[in-house]
Structure formats: C-alpha cells, structure tokens
Amino acid sequence: MSTKKSDLLLRKPKNGYDRITSAERQEMKDYCEGYKAFLDEGRTERECVIEIIRQAEARGYRPYIRGEAVKTGDKLYRVEGNKAIMLAVIGSESLENGAVIGDAHIDNPRLDLKPRPLYEDSDGMARFKTHYYGGIRKYQWASIPLSLHGVICMKDGSTITVRLGDEPGDPQLTIPDLLPHLADKQAKEPLWLAISAEDLNPVVGSEPYPDEDESDRIKLMVMALLNEKYGIVEQDFSSAELCAVPALRTADIGLDRSMVGAFGQDDRVCAYATLKALFDAENTLQRTGIAVFCDKEEIGSYGVTGMDSSYFDRFLSDLCDAQQVNLKTCIERSFCLSADVTTAYDTNYTFAYEKRNACYVNYGVGISKYTGSHGKSGASDASAELLAYARRILDEDGVVWQIGELGRVDNGGGGTIAHYMARRGIPTLDAGTPILAMHAPFEVTAKLDCYMTYRAMRAFFNH
Ligand code: MN
Ligand code: MN
C-alpha cells in the first residue's frame, strides 16, 4: 500500500483497461458480441420489444396477468402498446422491502413518415415526406443509406410489418445532398439551417408506371409496388407508423476493435445492459428486480408508452397486490437506476466540454448526479445519500465507474426519464454509457464502458 500523501488523498483516475482482469476482458468481448446482435435486431422500439420478448421467453419469462399469484424466482413480463415492455424477477425478499428498477429507453431519433408521405415532383422522382423524431442534426441524414421500418395497421385489425433495406440485396432509400460545386450559398448557412426539416425527403422511386394514360406515374409505380408487396393503398398510410433509419450495420470501431459503431446506441446500450443484467441476476436476487424498457423518451416521455404514463405504476401495483404489500411502502423503499447514455469527452470539440467534469471513454459507466440545462433546470438531482449508496455498491462489486456532467454549463443540456421515476417517489440515479456522436446516424461507444454499464446494473440488481 502506497504511503504517498497524494495517493491517499487525491482522486487518481485510471483507464479501465489497467483495472480489469483478463477474465473480465474476455467477458467484455463476449458481452459486446451479444450487444451488437441486439443492435442489428432492434432498430425501432417495436422491434426491440419483439427481441426482448424472444430472449425473455427463451429463459422462461411469461406474461403477467393481473391477479395471478407470484412466488420467489418467478420471471414475468408485461408489454404496453407493443412499444414498451417491463420484465420482473420476483426476489426472495417481499416487495415490502422495495424493488430494484433499471429503466432504459428503446426509442431513438429517426425520420418518421408523415401521415400523407408519398409524392412525386417535377424532378421526376417520388419521395416520402418525413417529420423527424427526437433531436437530430439534420445535415447528418443526407446522403446516407436509409432503411424503412414500422407497421401498417389495417382497418380489419391486421398489422403489416415493414422491415426493408437492412438485408444484403434489399432496396434502400436516401436523401441526396447538394453537390459541393453548387453549395456556395448553402455552405454559408448556419449548420442547423443548411438542410431544413422539410428537405428530409428520401427518394423512393423514379420509374414511371408503364401506362402512359395514367397520371402521377412515378408515385403510382411506387404505390403499385407497395400494393404488390404489402397489399396496401395510399390511404393506409394514415394508420401506419413507418420510419426511415440509417441502413448502417453495427461494426467494431478502431484497429484494436475497442469500440462499437452503430445506429441507436442511445439508449439501446443501456437497454441491453439492463436486460442482460436482470437475466444474469435471476438466481441471486434478494429484492425483486424490474427492468423497464420505455418508449417516447426522445420526445418528452409523453403518450401511453412513455414514462409519463401509468403503465409502470399499474405493473408494480399488481405485483404488490399479489404479495399483499402496500404499494406506497414498496415505492418508498425502491431504487431506480435511470440507465441512459451520457457524452464522452472529445478533443475535436473541446469548446463543448468541461474537461474536469467530463466522462471519458474507457473510464467506465458514467454516473450523472443531475442532468438538465441552464442551471440544472429540469434535473432530477439525486441526493448525496443516494450517491453514497451507489458508490458503495459499485466499489464492492469492482465496477469501473466515473462521475461527470454532460458538458459545459450553459452550452445546452438534456434530460432523461429520471424525473418521471423520481416524481413517483422512487429514489432515482442517472447512470449510463459515455457515447460519442450521440443522436447521429452512427454513434460510438467503448466496449469497456458498455460492459461496465452492464456490471453496474447487475451490481444494483444483486443488492
Ligand atoms: Mn437517451
Ligand atoms: Mn437521446
């Protein structure tokens, strides 16, 4: 043990690679292979729900029906509106002692199709009108391959699933950018104005319908193809949820393969960590563990599938009823980890960060005591008492963690679902994976941090 005064008194951060064992290093690699597969499988919240159900049912989870008895070790789930899902494993202790909750969102920024999307224009092309969902930097969405995902719900009650553009050989969409030769004027526009929201219209066709007597022949050709493939007519778009997402495959980043590049890592990196942590804690849980995968975080958490909705309360209430436990007591003794990404320090953009309170790649899961903007406005702000509890659990379990803020004060800001859980009276702490290029079509995380987010979640479930 060092006797140097600075070793004793000063915080001396150490790169995670210098702290993990070779066994942990292997576990990290294996974990990230599962994570990458999860990313390619679920590219919308609906697809994530389907994939989570598939994995959960394979492990013996069953839908929980209100009024059913529960016993220790029961593995349950409940879906809300096909876009949010909750998993619970009943612990050996009563819900009287509270639950341990991990909450991550499975929606993410993208281009939603408008209710009347399809049109053709005088340039001889048909396009989709879109309305972006969540906070995007619009210029990033031009000239990249896009795929089409979602559902079309028919009046007869049937649902058509669309998933087009990700498999080799699939047709794709794209929004062609302006050529640099003619971009003098556009290049002088502020970044956020250079490409406007109403310009985000992916090209979907250019071949006219063969019958020269028809009108709108290019649009008609696209509609004819959609009719042939899905049996739909134009009016069916009015009961559809379709979106364009980047058709970019998940990849290892870096010659050392130390990072993951993919679309939608905010917040599927934490969703997968929460899922895997609950699975791996199934047999060691004392308190009941609940994993919440919510929707609508990127647009304010409203709507029946967002955390502003009561679905979580109803689920927890049903579980408490099954154990004849007072819901209020359970809530007061529960703990929630609001698992959402934070940003990683990037020296290309030093102006945006405060380096003494930033999170860094490979320094582990990032804890945020508070989020918010302009004087912590909108922050949940976890208590010092709760931070002390978290530090103890993470350190006891050998989790590599760091604590920081999103960026320079008054540079902007952001929020998570933490305050929705806190409003219910549940002590809630924000923590998640530091990420580069958050909300971009291709986001980057460090594998060590992905793995440590899982380790953190597992440590909390086990306490
Ligand atoms: Mn997020
Ligand atoms: Mn986000």
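Which residues line the largest cavity? Keep that question in mind while you find your way around, and remember that this is a predicted model.

**Stop 1: the whole protein**

Start with a cartoon view. The protein is built with twelve helices and 22 strands. Taken along the principal axes, its C-alpha atoms fill a box of roughly 85 × 55 × 40 Å. The radius of gyration is 24 Å, and that agrees with the value near 23 Å for a compact globule, because the protein has 463 residues. Now colour by accessibility if your viewer can do that: 51% of the 463 residues count as buried.

**Stop 2: the largest cavity**

Back to the opening question. Select F128, L148, I152, V162, L226, Y230, I232, F237 and L242, and you have the lining of the largest cavity. The space inside comes to about 40 Å³. Look at the side chains as sticks: the lining has nine nonpolar residues, no polar ones and no charged ones. Next, highlight strand 7 (146-153) and helix 6 (217-230), as each of them supplies at least two residues of this lining.

How do you find empty space like this? Rolling a probe the size of a water molecule over the atoms shows where empty space is left.

**Stop 3: the first manganese ion**

Select the manganese ion (ligand 1) and show what surrounds it. Its protein donors are H105, through NE2, D266, through OD, and D340, which is listed with OD twice. These donors lie 2.1 to 2.6 Å from the ion. Along the chain, they follow the spacing H-x160-D-x73-D.

Trace the backbone from H105 to D340 and you'll see that the pair links distant parts of the chain, 235 residues apart. H105 sits in strand 4 (residues 99-105), while D340 is in the loop between strand 14 (335-339) and strand 15. Are these two buried or exposed? H105 counts as buried because its relative accessibility is 1%. D340 is buried too, with a relative accessible area of 8%.

**Stop 4: the second manganese ion**

Now add the manganese ion (ligand 2) to your selection. Which residue coordinates both ions? Click on D266: it bridges the two manganese ions, which lie 3.3 Å apart.

The donors of ligand 2 are D266 (OD), E298 (OE, listed twice) and H439 (NE2), at 2.1 to 2.6 Å. Their spacing along the chain reads D-x31-E-x140-H. D266 lies in helix 7 (residues 265-281) and H439 in the loop between strand 21 and strand 22 (443-446), so this pair ties together parts that are 173 residues apart in sequence. D266 counts as buried at 3% relative accessibility, and H439 counts as buried at 16%.

**Stop 5: the second largest cavity**

Leave D266 and H439 selected, since both of them help line the second largest cavity. Add N108, P109, F263, G264, A440 and E443 to see the rest of the lining. This cavity has a volume of about 30 Å³. Its lining divides into three nonpolar, three polar and two charged residues. With that, you have visited both cavities, as the count comes to two of 30 Å³ or more.

**Stop 6: the largest pocket**

Switch to a surface view for the largest pocket, which has a volume of about 1,600 Å³. Its lining is made of 50 residues, and the closest to its centre are T343, Y353, L406, G413 and M438. Several elements give two or more residues to the lining, including helix 5 (191-194), strand 16 (365-368) and strand 19 (413-414). Strand 20 gives the largest share, three residues. Colour the lining by class and you'll get 18 nonpolar, 20 polar and twelve charged residues.

**Stop 7: the cysteines**

Finally, how many disulfides does the structure hold? Zero. Select C336 to check: the nearest cysteine sulfur, that of C294, is 9.4 Å away. C336 is buried, with a relative accessible area of 0%. Then try C359, where the nearest cysteine sulfur belongs to C270, 12 Å away. C359 is also buried, at 0%. For background, a disulfide is a covalent bond between the sulfur atoms of two cysteines.

How values were computed
Residues are numbered from 1 along each chain as its sequence is written. Chains are lettered from A and ligands numbered from 1 in the order in which they are written. This is a predicted model: local features need pLDDT of at least 70, side-chain atom pairs count only at pLDDT 80 or more; totals for chains, interfaces and linings use all residues. Side-chain values use heavy atoms; hydrogens and water are left out. On a 1 Å grid over the protein atoms alone, a cavity is a set of points where a 1.4 Å probe fits but cannot get out, and a pocket is an open set with protein on both sides within 12 Å along at least five of seven lines; lining residues have an atom within 4 Å of a point. Grid points are joined across faces, edges and corners, and a volume is the space filled by probe spheres set on the points. Helices (H or I, at least four residues) and strands (E, at least two) are DSSP runs, numbered from the N terminus. Ala, Val, Leu, Ile, Met, Phe, Trp, Tyr, Cys and Pro count as nonpolar, Asp, Glu, Lys and Arg as charged, and the others, Gly among them, as polar. Donors are N, O and S atoms within 2.8 Å of the metal (3.2 Å for Na, K and Ca); water is not among the atoms, so sites may look incomplete. Buried means under 20% relative accessible area, exposed over 50%, partly exposed in between (1.4 Å probe, protein chains only). A disulfide is a pair of cysteine sulfur atoms within 2.5 Å. The radius of gyration is taken over C-alpha atoms; the globule rule is 2.2 Å times the number of residues to the power 0.38.
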